[in-house]
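Here is a briefing on one protein chain. Look over the sequence and the fold, then read on.

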Amino acid sequence: MTILRPAVFLPVIAALGLMGTPLLASAQAHHASDWVQPPPGGPRGAPGHMMPPVPPGVTLTAAQKTKLKAIFEKAHQDERALRLEGRAIEDKIHDALSVVGDLDHATLTDLSGQENTLKAKVSALHLETMEQLHDLLTPAQRQQGKETMDKLKALHEQMKALMGHPPEGEPDDMP
């Protein structure tokens, strides 16, 4: 009978641990979804947590839902076209910056101006879409939405007061 040494078991235990870790993480992630989720729409609709286009509690009619869908489909198409135009400008800027010789500052200035004009168009499109959403709602729905948003803002301020400000400094300085 051979004596089993701990040095022989360590690689085996490590391999089993590595095989089981994805299963454990998957199970935890599955059960974590049953727990409390972060509230939607972080501060000012932070990326990844966008506020809904219509405040919670405002019920739309079937006709309003159809119009809302049309508004967003058109806005999406228009923004996609602007985004493609922006990528073309970014590619031109990248090409202008990648030249082997001297930079053509006039071309870069012109491209920067085109990029700024395009950003203004995107902002105007967003404002136009929000105006259409405003016009879609009845005055009673707008009032209800305003009250809901005021309550959400007050709750957000209470949460900030309870949790305090995040510590300042570099991540390495944090406890």
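What share of the 175 residues in the protein chain do buried residues make up? The figure is 15%. The model is a predicted one. Its protein chain has four helices and zero strands.

**Overall fold**

- From the N terminus on, the order of elements is α-α-α-α.
- The accessible surface of the protein chain is about 14,400 Å². Carbon and sulfur atoms account for 64% of that surface.
- Take the contacts between residues at least 6 apart in sequence: 62% of them join residues at least 24 apart.

**Helix α2**

- Helix α2 covers residues 62-97.
- How far apart are the end C-alpha atoms of α2? They are 52 Å apart. At 1.5 Å a residue, its 36 residues should span 52 Å, so the two values agree.
- The buried residues of α2 are Q64, L68, I71, A75, L82, G86, I89, I93 and A96.
- Which helices do these buried residues pack against? They pack against α3 and α4.

**L68, a buried residue of α2**

- L68 sits in helix α2.
- Its relative accessible area is 13%, under the 20% limit, so L68 counts as buried.
- L68 touches V54, L60, L133 and L136, leaving aside residues up to four places away in sequence.
- L133 and L136 fall within the residue range of α3, 105-136.
- P53 is 15 residues from L68 along the chain. The C-alpha atoms of the two are separated by 9.1 Å.

**Q141, a buried residue of α4**

- Q141 belongs to helix α4, residues 139-163.
- Is Q141 buried or exposed? It counts as buried, because its relative accessibility is 9%.
- The side chain of Q141 makes a polar contact with the side chain of Q64, at 2.7 Å. Q64 is itself among the buried residues of α2.
- Leaving aside residues up to four places away in sequence, Q141 touches V58, T59, L60, Q64 and L136.
- L60 and L136 appear in the contacts of Q141, and also in those of L68.

**Salt bridges**

- Side chains of opposite charge can pair when their charged atoms come close.
- How many salt bridges does the model have? The count comes to three.
- In helix α2, D78 and K74 are four residues apart, about one turn of the helix. Their side chains meet in a salt bridge, 2.6 Å from N to O.
- D78 is partly exposed, because its relative accessibility is 28%. K74 is also partly exposed, at 47%.
- In helix α4, D150 and K146 are likewise four residues apart, about one turn of the helix. They form a salt bridge whose closest N and O atoms are 2.9 Å apart.
- D150 has a relative accessible area of 40%, so it counts as partly exposed. K146 is partly exposed too, with 46%.
- K160 and E157 form a salt bridge with closest N and O atoms 3.9 Å apart. That distance still counts, because the cut-off is 4 Å.
- Why are K160 and E157 separated by about one helical turn? Because they are three residues apart in helix α4.
- K160 is partly exposed at 42% relative accessibility. E157 is partly exposed at 39%.

**Nonpolar surface patch**

- Which residues make the nonpolar surface patch? They are L97, V99 and L103, and the patch measures about 240 Å².
- L103 lies in the loop between α2 and α3.
- L103 has 34% relative accessibility, so it counts as partly exposed. That value passes the patch limit of over 30%.

**In brief**

- The buried residues of α2 pack against α3 and α4.
- A polar contact between the side chains of Q141 and Q64 joins a residue of α4 to a buried residue of α2.
- The charged pairs D78 and K74, D150 and K146, and K160 and E157 are each about one helical turn apart.

Notes. Residues numbered from 1 in each chain as written. Predicted model: local features only at pLDDT ≥ 70, side-chain atom pairs only at ≥ 80, totals over all residues. Heavy atoms only, no water. Patch = residues over 30% accessible without salt bridge, like charges linked within 9 Å, V, L, I, M, F, W, Y side chains within 5 Å. Areas by Shrake-Rupley, 256 points an atom, 1.4 Å probe, with all protein chains shown as cover. Helix = DSSP H or I, 4+ residues; strand = E, 2+ residues; numbered from the N terminus. Buried < 20%, exposed > 50% of the residue type's maximum accessible area, 1.4 Å probe, protein only. Polar contact = N/O pair within 3.5 Å; in protein donor to acceptor, adjacent residues only side chain to side chain. Contact = heavy atoms within 4.5 Å. Expected span 1.5 Å × (residues − 1).
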